[in-house]
Amino acid sequence: MVVLVLGSAMFQLYRAIRFTILFALFGSSPAAFSQINPGSIRKELGSERLSSRGTCAWWSDFLGFRKHFAAYEAAATPVPRLVEAANGVVLEIGPGSGNQFSRFDKAVVSRIYGIEPNEHLFNQLRNETIEQHHLSDIYVPINAALEDKNILKEWNIGDESIDSVVCMQALCSVSDPTMAVKQIYRLLKPGGQFLFWEHTASQDWMTRQVQGIWNLLWKPLIGNCHLRRNIERAVVEAGDWKIIELGHDNIEPWQMMPRVWGRFVKV
Ligand SMILES: C[S@@+](CC[C@H](N)C(=O)[O-])C[C@H]1O[C@@H](n2cnc3c(N)ncnc32)[C@H](O)[C@@H]1O
């Protein structure tokens with residue numbers, strides 16, 4: 001029995017390490033490697049980019065990773081069609097490096113507010129990415145977190161002001177996912193939709209333990225990204241929803257990043 005448990009734990013740890021090594025190797029371009037030198041690492045470790053306010057900057061410099069990940073999302077996930085379903089006044093939580101920009105349907109969107117607390121990523125969006133995707137006329141980047149209600153109010157983002165909230169892999173790094181989804185619920189107009197795709201805690205007890213251990217390293221390196229949050233519960237319990245779609249991917253018991261995604265409408 002002990003051998004079985006230890007063997008399973010070793011296997012899980014191997015998978016976690018392998019994922020990180022693959023991320024580092026294939027997620028990088030020569031440009032990204034040139035960013036990773038002792039000076040820049042020291043700078044990042046010393047800066048608040050590694051704090052709870054957002055993804056660390058080196059993540060965004062992994063250009064190769066971004067490209068491969070966007071292709072993976074397109075080929076194997078519901079992300080493109082979820083983003084495409086956004087309409088009216090849209091709030092994008094944590095746009096990061098703008099992975100979702102090409103997926104918005106400009107014919108049905110009147111305005112997109114992108115709230116990005118990471119200053120490095122925010123500046124990239126504001127100075128380059130929005131224009132590259134021909135979104136300058138509708139995309140408004142805001143250097144704030146979802147929790148910064150006063151800043152959001154300055155942009156008239158208040159209760160029942162939003163038609164669609166797009167949230168792709170952001171609830172893992174907000175300070176409190178339960179409060180965050182309640183806040184999203186309040187911001188939505190009745191009939192407004194919440195479109196999300198998030199990684200979540202494993203259903204498997206052993207894998208959950210490994211997620212917890214791996215989190216000790218993962219969280220500070222990947223901008224407060226938590227591997228072991230129960231996102232589905234936070235979303236379902238946030239308010240009265242009509243569930244149009246609710247899906248789960250990567251559900252094999254050994255997966256370190258099982259996904260939950262959906263399209264929920266505020267009743
Ligand atoms: C893993 S990235 C996802 C980026 C993008 N949504 C995508 O699909 O590629 C998580 C993003 O959430 C942002 N973020 C973290 N905490 C946040 C908060 N409290 N409010 C809004 N955005 C937040 C991070 O700065 C980062 O850009």
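Asp249 sits opposite Arg259 of strand 7, and that pair is a handy way into this predicted model. Strand 6 and strand 7 (residues 259-266) run antiparallel and are joined by eight bridges. As a reminder, strands of a sheet pair through backbone hydrogen bonds, either parallel or antiparallel.

Now step back to the whole sheet. It is an open one, with seven strands in the order 3-2-1-4-5-7-6 and mixed pairing. Strand 3 (139-142) and strand 6 (241-249) are at the edges; each has a single partner strand, so one side of each is left without a neighbour in the sheet. Going from one strand to the next, the twist averages 15°.

Head over to the strand 3 edge. Here strand 2 and strand 3 run parallel, with four bridges between them, and Tyr113 stands opposite Val140 of strand 3. To get from strand 2 to strand 3 the chain goes through helix 7, making a right-handed β-α-β crossover. Helix 7 (residues 119-132) also packs on the sheet, where it touches strand 2 (109-115) and strand 3, and its direction makes about 160° with that of strand 3.

Helix 9 (residues 177-187) packs on the sheet too, touching strand 1 (88-93), strand 4 (162-168), strand 5 (188-199) and strand 7. Its direction makes about 150° with that of strand 5.

Strand 5 is worth a pause, and Gly192 is a good place to stop in it. Gly192 counts as buried because it has 23 C-beta neighbours inside 10 Å, against a cut-off of 20 or more. Who are its contacts, once neighbours within four places in sequence are left aside? They are Ile162, Asp163, Ser164 and Lys266. The C-alpha atoms of Gly192 and Val165 are separated by 8.0 Å, with their positions 27 residues apart along the chain. That fits into a wider pattern: of the contacts in the protein chain with a separation of 6 or more, 72% are between residues 24 or more positions apart.

Next comes helix 10 (residues 205-221). Its 17 residues reach 24 Å from the first C-alpha to the last, close to the 24 Å expected at 1.5 Å a residue. Still, helix 10 bends by about 50° at Asn215. Its buried residues include Thr207, Val210, Gln211, Trp214 and Trp218. An α-helix has 3.6 residues a turn, so residues three or four places apart point the same way; that is a useful thought to keep in mind when looking at the list. Just after helix 10, Gly223 takes a positive phi of about 55°.

A positive phi turns up in other places as well. Most residues other than glycine have a negative phi, so two loop residues deserve a look. Asn156 has a phi near 60° and is found in the loop between helix 8 (149-154) and strand 4. Gln169 has a positive phi of about 60° without being a glycine, and its place is the loop between strand 4 and helix 9. Are these residues buried or exposed? Asn156 is exposed, having 9 other C-beta atoms within 10 Å, whereas Gln169 counts as buried, with 22 C-beta neighbours inside 10 Å.

To finish, here is the overall tally. The protein chain has 11 helices and seven strands, and 40% of its 267 residues count as buried.

Key. Residues are numbered from 1 along each chain as its sequence is written. This is a predicted model: local features need pLDDT of at least 70, side-chain atom pairs count only at pLDDT 80 or more; totals for chains, interfaces and linings use all residues. Two strands pair if DSSP finds at least two bridges between them. Helices (H or I, at least four residues) and strands (E, at least two) are DSSP runs, numbered from the N terminus. Axes are lines fitted to C-alpha atoms, for helices over the stretch in contact, and angles run from 0 to 180 degrees between N-to-C directions. Two residues are in contact if their C-beta atoms, placed from the backbone, lie within 7 Å. The expected span of a helix is 1.5 Å times one less than its number of residues. The bend at a residue is the angle between axes fitted to the seven residues ending there and the seven starting there. A residue is buried if 20 or more other C-beta atoms lie within 10 Å of its own, exposed if 12 or fewer, and partly exposed in between; C-beta atoms are placed from the backbone. A crossover is right-handed if, with the strands pointing away from the viewer, the path from the first strand over the helix to the second runs clockwise.
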